[in-house]
Structures are given as C-alpha cells and as structure tokens.
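Here is a quick walk through one protein model, going from the whole chain down to a couple of helices and the cysteines. Have the coordinates open while you read.

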Amino acid sequence: MASNPISITTAAPKSPMFIPAESIHSLLSHKALIEHFSSSLPAVTPSINTPARQSYPVAGSPGASLLLMPSWSPHPSLPYIGVKLVTYFPHNSDRNLPGIHASYVLFCSVTGQTLATMDGTILTLYRTACISGLASKILARNDCQVMVMVGAGALAPHLIQAHLAARPGVKRVIIWNRTVDKAMKLAERMRGDERFEGVTFESGQSLEEIVPLADIVSCATNSQEPLVMGRWLKMGAHLDLVGSFKPSMKECDDDAIQRAASAGRLFVDNKMAMEEAGELVGAMQRGVINQDEGIGGDLVDLAKGSTLGRAGDEEITVFKSVGSGAADILAAQLLYEKCLY
C-alpha cells in the first residue's frame, strides 16, 4: 500500500486541492506506482466498485468519444470515490495534440466531500504505463535486453519508462511510428535524458525487421489493422497491447494471440478487455480463442500469484489492457496521499 490507513475526514484539506501536471511529474515515479499496484491490487480490488465504463460519441467529431469512469471503495485503506472524465479525439495528431484529455475528481467515501481535482490526462499516462510495467515485471523474461516501442505518441515515453523500471536489464530501445520523424524525435529526446544512462535509443523503419529482435514489444497506437504479426515474435517474447479499446481497433494479428493463448499465456488487465479489445473480440469471433479457455487470467490473478505468468523462457506471453477505474483510483490515491504527506 502507499501508506498506512489514514483518517481522510481529519487529514483532508478544507478546500479541494488541484494537482496540475507539473506536480504529478514531481510526485510520481513509474517505479513507485508499479510497486503500489503490485501491493494494492490484490489487497483492495475486491472492495472496489467499478461500473462498466460509459462511452458516448461526440457529434460533429468523427471517432470522438466522451468516457466516464467511476469507482469507489469503503475499504479503510482506500476511503475514496473517484470519477475520471475523458475525451478521446483520434484526429488530434493532425493538430499536434494528444488524442486523450482527462480530469480526475477524488471524493471522500466517508463524508462525500471533494478532496482533489487532478490532471487526469497525465494521471492516465502514468496509470496505463505502470499497469503494463507490472505485467512486464511478471510476464517478461528475466534476461530481457531489447524493447521495441510501437507508436511514438504521448503514452510511448511513459511505457518505455515503465518497462525500464520493471525490467532494468533492457539496454536497447527501438521506436517505430508510422510517421518516421516522430519516432526519430522521441528517440533523440530519450537519449538526452540522463536518467537512462546506459540505454540506447534508436528508431526503426520496418516492424518486420525490428520486432524479431525484441524481448518486449509494447504497442500504443490507434491502429484499425494489425501491426505486429505473430510470426515475427521470437521465442520468449512478451507482447504488451495498450492501444485498442474498441472492437474495431487492433494492434496484432490472430497468430500473435493464438501463440500465447495456446499455452495459457494470454492475460488481460480486467475482464472488460474481452468485450472492448479488437484483438480479442475478433479472435473470439473467428474461433481462435474462446472466453472460457483462451484467457490465462487477469492482472490481479498475476499480482496475487494465483495464476502462473510464465512457465519457461521459450513461451510467448501477451498482455492486453483497456484500462479500469480500479487502477485509476489507486493511482489517484498514491498521488493524493503524497500531496498530503
């Protein structure tokens, strides 16, 4: 847990605090959030109420959505109600803007008072990346050395940092993006960060050439068509799928899903992935996997150790995340309590 149980009614500020992006960067680290998820998900997830995410199309903006993600808990160590408000505008890349913007509001579940409003966009980047980081810590091989990052958007540097925090043996990161210049600029930016001394960053132009090199492949794109082919994955690779959250979206082909599922090594962050992720929905529709036998477990199972993540160095593992209110409220908890103390 982030801290010992606290009395929110006595520790909470008289007026709700606002936590901007700059404060989030200074207060949170990917390593700390991965550790918080590792300890907290098994302990408090059963107490968290998380209704299905609500999604509404935004008229006049093709593909745009408004999403509402509430969650709450009466657990003594998590006495909060949280609501994330998210807008998804997939064509913002044409405007040189992130596709996702969000705000997160935290309330006390004892009194109902508003405790904080925080930059949900940045919080989501940390949350999403660190969920993948925790999965990588459990599912990737211990001797990982090479990572391929598919996509160079706002989430990509966070995913790279989370995987490096989870697997510090990674010393080479290759970045691919449809727009080659974006991959090159991100690699240059990461090279200039003194926190990653000893890690080389480069860009690649052909996924078919670079994916077979990777011990970890992480994907964060809006792709409607498969980008990573199962036949490209080397034995022992870990595939991290983050981008898709609609049945129409997909980042890998059926072969990649089947290679993991056949050995029981296909995992999800939560059960909603079976309904929302295009890779899984499509694979079920085509009979590649079925809901009862195709999924080896979720992240809580993995964090508890009740499900075996990897049985051997030759296995292909796949982790698909779509996001959850449970992870949001835990990330907000860590951030808020760091502000208090």
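Of the 341 residues in this predicted model, 54% are buried. The accessible surface adds up to about 14,300 Å², and carbon and sulfur atoms own 52% of that. As for overall dimensions, the C-alpha atoms fill a box of roughly 55 × 45 × 45 Å along the principal axes. The radius of gyration is 19 Å, which agrees with a compact globule, because a chain of 341 residues folded that way would come out near 20 Å.

On the secondary structure side, you get twelve helices and 14 strands. The contacts lean towards long range: of those between residues at least 6 apart in sequence, 72% join residues at least 24 apart. Charges are 29 positive and 33 negative side chains, with the centres of the two sets 3 Å apart.

Now for two helices that are mostly covered. In α5 (residues 156-166), ten of the eleven residues are buried. That set includes P157, two histidines, H158 and H163, and Q161, along with L159, I160 and L164. Residues three or four places apart on an α-helix point the same way, because there are 3.6 residues a turn.

Helix α10 (residues 278-285) has six of its eight residues buried. These are G278, E279, L280, V281, G282 and A283, so to speak one run in the numbering. What do the buried residues of α10 pack against? Their partners are strands β11 (238-241), β12 (266-268) and β14 (317-320), plus helices α8 (254-261) and α9 (273-276). Just after α10, G287 takes a positive phi of about 75°.

Finally, the cysteines. A disulfide is a covalent bond between the sulfur atoms of two cysteines. How many disulfides does the count come to? Zero. With a cut-off of 2.5 Å between sulfur atoms, two cysteines show why:

| Cysteine | Closest cysteine sulfur | Sulfur distance | Relative accessibility |
|---|---|---|---|
| C130 | C339 | 16 Å | 0% |
| C252 | C219 | 7.3 Å | 3% |

C130 is buried, and its sulfur is too far from the one in C339 for a bond. C252 is buried as well, and the sulfur of C219, at 7.3 Å, is again too far away to bond with it.

Definitions and conventions:
Residues are numbered from 1 along each chain as its sequence is written. This is a predicted model: local features need pLDDT of at least 70, side-chain atom pairs count only at pLDDT 80 or more; totals for chains, interfaces and linings use all residues. Side-chain values use heavy atoms; hydrogens and water are left out. Buried means under 20% relative accessible area, exposed over 50%, partly exposed in between (1.4 Å probe, protein chains only). Helices (H or I, at least four residues) and strands (E, at least two) are DSSP runs, numbered from the N terminus. The radius of gyration is taken over C-alpha atoms; the globule rule is 2.2 Å times the number of residues to the power 0.38. Contact means heavy atoms within 4.5 Å. Accessible areas come from the Shrake-Rupley method with a 1.4 Å probe; for residues, only the protein chains shown count as cover. Lys and Arg count as positive and Asp and Glu as negative; His and the chain ends are not counted. The place of a charge is taken as NZ of Lys, CZ of Arg, CG of Asp or CD of Glu.
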